[in-house]
Amino acid sequence: MDIVYIGSSALGLQKLYEQAKFNIIDTICLKSRVNSDLKKTAHKLGHKIKTFRWIKDFKKLIYAYDNSIPFFVYQLDMLVPGTLTKKYNFFNLHRGNLKTNRGPNPDIWPILLGHKTTQMSLHKINHRIDLGTLIDTYDVNINQKDDTETIKDKLEKVIPTLINSMYFYIIGKKKGKKINRGIYRPWITEDDFTINLEKDSLITIERKIKSQKKYNGAIVFINKKKKYVTKVLTDLQQKNKKTLKLKLNNKKIYFIENTKPKYLPPRKISILKKI
């Protein structure tokens with residue numbers, strides 16, 4: 001079955017290629033998100049990646065295809081316009097539970113909120129954010145040592161299974177379930193991962209740090225100056241390490257500081273009115 005891949009994940013493209021039921025005819029990616037791994041994988045398939053800058057360019061690319069061609073989406077980082085979802089079939093992987101964790105940062109919220117499980121969801125999308133038709137899901141447990149990167153690794157192991165579910169849905173051998181509502185969680189802001197030494201428990205502090213594992217770290221203010229921290233330590237662990245020493249509930253607490261943050265702060269984006 002012919003299919004088009006849309007997204008920045010080289011792993012998603014590779015797993016779709018390995019599914020013998022599909023023939024990938026094109027690879028499409030947001031121009032700003034094209035990466036070396038995606039280029040290598042696409043080159044292996046004999047593809048030159050088709051890129052677009054934003055919605056207007058994206059529409060032109062999609063309208064060039066017959067509406068019988070399905071699209072498999074993973075890490076698109078853009079909402080597909082309703083004019084396209086009405087005409088074409090887009091199947092999206094979302095690293096979150098669509099009932100409790102819709103939105104742009106599904107990797108981070110389960111860690112911050114202390115959820116015990118999270119989910120990889122496959123759905124046929126419509127014009128609304130992370131809704132449409134739920135086709136299949138896969139649950140993973142979140143333990144105390146997990147962070148956003150380990151959870152992502154766990155979830156991506158099930159991609160082949162969900163691609164297989166997509167195939168059976170397309171040929172009519174698997175049913176989906178309409179999803180019209182679910183909790184929308186907005187863009188993460190600095191406030192969400194800023195440590196409050198007067199109110200936060202040690203568990204909450206650790207969650208904030210783990211939620212920012214792939215970025216600069218959690219934030220703590222010392223004398224009104226912002227510091228990024230990547231780990232909290234006990235008295236024994238901090239020995240012979242350069243740390244920030246603070247107080248939590250009148251007890252000493254130590255942090256490993258990230259003195260060279262390289263990522264920009266989260267974008268300040270207002271929540272969409274219709275979600």
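At 1% relative accessibility, Y88 counts as buried, and this tyrosine offers a way into a predicted model of a protein with eight helices and 12 strands. Buried residues make up 47% of the 275 residues in the protein, and the structure holds 11 aromatic pairs. The points below begin with the whole protein, then turn to two of these ring pairs, to the pairing of strands and finally to one tryptophan.

**The protein as a whole**

- Taken along the principal axes, the box filled by the C-alpha atoms of the protein is roughly 65 × 35 × 35 Å.
- The accessible surface of the protein comes to about 15800 Å², and carbon and sulfur atoms account for 49% of that surface.
- Among the contacts in the protein with a separation of 6 or more, 60% are between residues that stand 24 or more positions apart.
- The protein carries 56 positive and 24 negative side chains, and the centres of these two sets lie 3 Å apart.

**The ring pair of Y63 and Y88**

- A pair of aromatic rings is described by the distance of the centres and the angle of the planes.
- Among the 11 aromatic pairs of the structure is the one formed by Y63 and Y88, which is tilted, with 6.3 Å centre to centre and 50 degrees between the planes.
- Y63 lies in helix α3, which covers residues 55-63, while Y88 lies in the loop between α4 (82-85) and β5 (90-94), so the pair ties together parts that are 25 residues apart in sequence.
- The two partners differ in their exposure, because Y63 has a relative accessible area of 38% and is partly exposed, whereas Y88, at 1% relative accessibility, is buried.
- Both tyrosines also belong to a cluster, in which ring pairs link Y63, Y65, F71, Y88 and F90.

**The ring pair of Y215 and Y263**

- Y215 and Y263 form an aromatic pair that is edge-to-face, with 5.6 Å centre to centre and 80 degrees between the planes.
- This pair links distant parts of the chain, since Y215 is in the loop between α8 (202-211) and β9 (218-222) and Y263 is in the segment after β12 (251-258), 48 residues apart.
- Y215 is partly exposed, with a relative accessible area of 36%, and Y263 is likewise partly exposed, with a relative accessible area of 36%.

**Strands that pair with β12**

- Strand β10, made up of residues 225-233, pairs with β12 in the antiparallel sense over five bridges, and the bridge partner of Y228 in β12 is N258.
- Strand β11, made up of residues 244-248, also pairs with β12 in the antiparallel sense, again over five bridges, and here L248 stands opposite K251 in β12.
- In a regular strand the side chains alternate between the two faces of the sheet.

**The surroundings of W54**

- W54 is found in the loop between β3 (50-52) and α3, and at 45% relative accessibility this tryptophan counts as partly exposed.
- Leaving aside residues up to four places away in sequence, W54 touches L30, D77 and M78.
- The C-alpha atoms of W54 and K173 are separated by 35 Å, and these two residues are 119 residues apart along the chain.

Definitions and conventions
Residues numbered from 1 in each chain as written. Predicted model: local features only at pLDDT ≥ 70, side-chain atom pairs only at ≥ 80, totals over all residues. Heavy atoms only, no water. Phe/Tyr/Trp six-rings, centres within 6.5 Å; stacked < 30°, edge-to-face > 60°. Helix = DSSP H or I, 4+ residues; strand = E, 2+ residues; numbered from the N terminus. Buried < 20%, exposed > 50% of the residue type's maximum accessible area, 1.4 Å probe, protein only. Contact = heavy atoms within 4.5 Å. Areas by Shrake-Rupley, 256 points an atom, 1.4 Å probe, with all protein chains shown as cover. Lys, Arg positive; Asp, Glu negative; His and termini not counted. Charge placed at Lys NZ, Arg CZ, Asp CG, Glu CD. Pairing = 2+ DSSP bridges.
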